[in-house]
Amino acid sequence: MRIVIAEDAALFRAGLVRLLQDEGHQVRAAVADGAALLAAVAEHHPDVVIADIRMPPTWTDEGLRAAVELRRAHPGTAVLVLSQYIETGYAARLLSASPAGVGYLLKDRVADVDEFTDAVTRIAAGGTALDPEVVRHLLAGSRRSGGLDPLTARERDVLALMAEGRSNAGIADALVLSLGTAEKHVASIFAKLGLPASATDNRRVLAVLHYLRP
Amino acid sequence: MDAVSLVSPVLRGPFTGRARREVAFCVLTLPFGVFIPLAGFFATVDAGLLLGSGPPWVADGNPSGQAVGAAVGVAALLTVLLVTTGAARRLTAACRGLAGRLLGEQVTAPPPLASRGARGLAARIADGPGWRALAYLLLKFPVMLLECFAVAVLWGAGLANLTYPFWWLSFRNHSPGTRLSPVPVITPFDWIGQGHFTVATFPGTFAAFAAGAGMVLAAPWVTRMVVAADRRLIRGLLSPGPLARRLADLERTRALAVDDAATRLRRLERDLHDGAQIRLATLAMNLGMAKKKLGDSGAVPDADAARELVDTALQGARDALGELRELARGIHPPVLDNGLPDALASLAADSAIPARLACRLPDRPAPAIEAIAYFCAAELLANAAKHSAAATITIDVSQRAGLLVLTVTDDGRGGVDPGRGSGLAGLAQRAAVVDGRLDITSPPGGPTRVTAELPLHT
């Protein structure tokens, strides 16, 4: 995959480049701010952009704004936003700007190389990768309002993984279930919550998120 | 001082803008001076007239007891009314405005009564600024008389005297032999029965001209003196009272303290985010990569790469620790727990420019004061190292009348501008929060001396 990275912390940027190269990806450019990111994308047309949220010049949400802008201008480029904090509001902004081909992860997740590269691959394929932390927040909100009461504990685990953007196979893997059992849980969740059964993983994520959103 | 430089301000005095503005001030505020005597006079006399059919107002040609009592009562009522209706405040607000516009005497208005949630009669009677406004109106009367003297006699009559030679020949050109009464000339000394003189001939008008010139030259200085008295009254009586000023000070410094705290928290977050946090994230990433290189079990597929990544991770851990240590020290230096002298000694030892410390502090200040003094010294040392090109720095700490006095002197190039660069302004603000102050003297060419005075206890 062709990848462009935008991250202002030089050490972390270098590490990220090495990690992705070791995994067999081509890092076409590694830049330090939002404006340079837009220019690099226009030049290299990467498959995936990995961007830090907080970058110069204002150190607020440059990366997020660049991501939204990129999804609009280059629909073929998936965007993974990294951050040291998780803000549910940021996730909502990202998803409402573009329901597919986006991801929002804590920087900590990079430490698990396989999970991280899996997320990159997923969004490059038009999927979604949401940090478990975001999902946890959303689930907590729904639990408070009683919306998740009909679900069993296992079904809640499945729902969380579904919201992160995982496929049935990914869910089965993570929970050490057979694929058939995972599919049964998913069908049961859709039925209990009154969600429309969706074919693609991405639409499934959106349905779940739509349900969870306060 | 030579004669020219002594005389020229005297000659120019009457023609300055300041002289004009002071005259305008005297004229425009005259009504405020006559207000109380006039109001008092009419109120007491009218009271007598209104109650005319009542008790005998005159006994043996003098006011009777009842008359005096009624007058005192009416005067007291008038006084209370002036304060409680806010009339005194409104009248003096005009004086304050004129003083600001014409004299450049900027006096803050006292806080309005209503804003303090006090609208009852009791609160209105207890309205300190209202009473002080009334006191101003009373004292304005004698001052106004002096101002009238300066304006009417020195300026008015002085200018009139100057004109005598010019109109004399056109109006006094009667045929010879006509007997004309002499024309009086007004002088400032008329009122003590001296100095009054008259002129009857044309050459005599030059005496009037000379008197006028003297009066006009003296006028601006006399006006300035009486206006100075008025300024004192305005500053003392028409400004917010000491409590209100204190309140305003506290409100200002509280806002500074709140801002300062918010700024520091924000900076702390930034430091953590850009420092230790990202270092730890990088460290985790390197360890994650190393783990991958080590494989799940058995033989290691890429031992060299794994070793290198672990080395990088180790270095990252050390850097993160160092960063966190610096950050923690910046929040509260542990050495400060042993007292200010120890903390300053280690600060002086670490200074880039050789620093000498003299610390005579018999009483231990409050921890907050120690912290402010410490960070003040640290900032000043850092500033000196950055900008002063000094060879030595002296840090002097002493105690004087319940104050901790910290003086940092360097022999550098000076020219420090407290307005530019927020470091010193920030220090001054932090000192102000605890009622302390910061003095900076830094002439171009040096030396720079910054003195912080802080109360020993908050």
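**Figure 1. Helices α4 and α6 of chain B cross each other in this predicted model.** Here we're looking at helix α4 (residues 87-103) and helix α6 (residues 128-171) of chain B, whose axes come within 8 Å and cross at roughly 60°. An angle like that makes α4(B) oblique to α6(B), because it is neither under 35 degrees nor in the 65 to 115 range. As for handedness, the crossing of α4(B) and α6(B) is left-handed. From α4(B), the residues to look for are B:A88, B:R89, B:L91 and B:T92. They meet B:P129, B:G130, B:A133, B:L134, B:Y136 and B:L137 in α6(B). Sorted by class, the residues of this contact come out as seven nonpolar, two polar and one charged.

**Figure 2. Helices α3 and α4 of chain A pack at an angle of about 10°.** Now over to chain A, where helix α3 (residues 62-73) and helix α4 (residues 88-97) have axes 9 Å apart. Their angle falls under 35 degrees, so α3(A) counts as roughly parallel to α4(A). This crossing is right-handed. On the α3(A) side you'll find A:L64, A:A67, A:V68 and A:R71, and they meet A:Y90, A:R93, A:L94 and A:A97 of α4(A). Six residues of the contact are nonpolar and two are charged, with no polar ones.

**Figure 3. The loop between β3 and α3 of chain A holds A:P57 and A:W59.** Start with the two prolines, A:P56 and A:P57: a cis peptide bond joins them, with omega at about 5°. A:P57 sits in the loop that runs between β3 (48-52) and α3. Then find A:W59, which is not a glycine and yet has a positive phi, near 55°. Why point these out? Most residues other than glycine have a negative phi, and most peptide bonds are trans. Is A:W59 buried or exposed? The answer is partly exposed, because A:W59 has 13 C-beta neighbours inside 10 Å.

**Figure 4. Helix α8 of chain A has its buried residues on the same side.** Which residues of helix α8 (residues 168-175) are buried? They are A:N168, A:I171 and A:A172. These three cover an arc of only 100° around the axis, which means they share one side of α8(A). Among the parts of chain A that cover them are α7 (153-164) and α9 (179-193). Just after α8(A) comes A:V176, and its phi is positive, near 55°.

**Figure 5. B:D435 lies in a loop of chain B and has a positive phi.** The loop in view runs between α12 (422-433) and β8 (437-441) of chain B. B:D435 is not a glycine, but its phi is about 65°. With 15 other C-beta atoms within 10 Å, B:D435 counts as partly exposed. For some background, chain B has 12 helices and nine strands, and 26% of its 458 residues count as buried.

**Figure 6. Chain A meets chain B.** How many residues of chain A are in contact with chain B? There are 13, and they touch 13 residues of chain B. Helix α1 (residues 10-22) supplies the largest share of chain A's side, with five residues. By class, that side of chain A has seven nonpolar, two polar and four charged residues.

Conventions. Residues are numbered from 1 along each chain as its sequence is written. Chains are lettered from A and ligands numbered from 1 in the order in which they are written. This is a predicted model: local features need pLDDT of at least 70, side-chain atom pairs count only at pLDDT 80 or more; totals for chains, interfaces and linings use all residues. Two residues are in contact if their C-beta atoms, placed from the backbone, lie within 7 Å. Helices (H or I, at least four residues) and strands (E, at least two) are DSSP runs, numbered from the N terminus. Ala, Val, Leu, Ile, Met, Phe, Trp, Tyr, Cys and Pro count as nonpolar, Asp, Glu, Lys and Arg as charged, and the others, Gly among them, as polar. Axes are lines fitted to C-alpha atoms, for helices over the stretch in contact, and angles run from 0 to 180 degrees between N-to-C directions. Angles under 35 degrees count as roughly parallel, over 145 as roughly antiparallel, 65 to 115 as roughly perpendicular and the rest as oblique. A crossing is left-handed if the near helix is turned anticlockwise from the far one by less than a right angle, and right-handed if clockwise. A residue is buried if 20 or more other C-beta atoms lie within 10 Å of its own, exposed if 12 or fewer, and partly exposed in between; C-beta atoms are placed from the backbone. The arc is that of the directions from the helix axis to the C-beta atoms.
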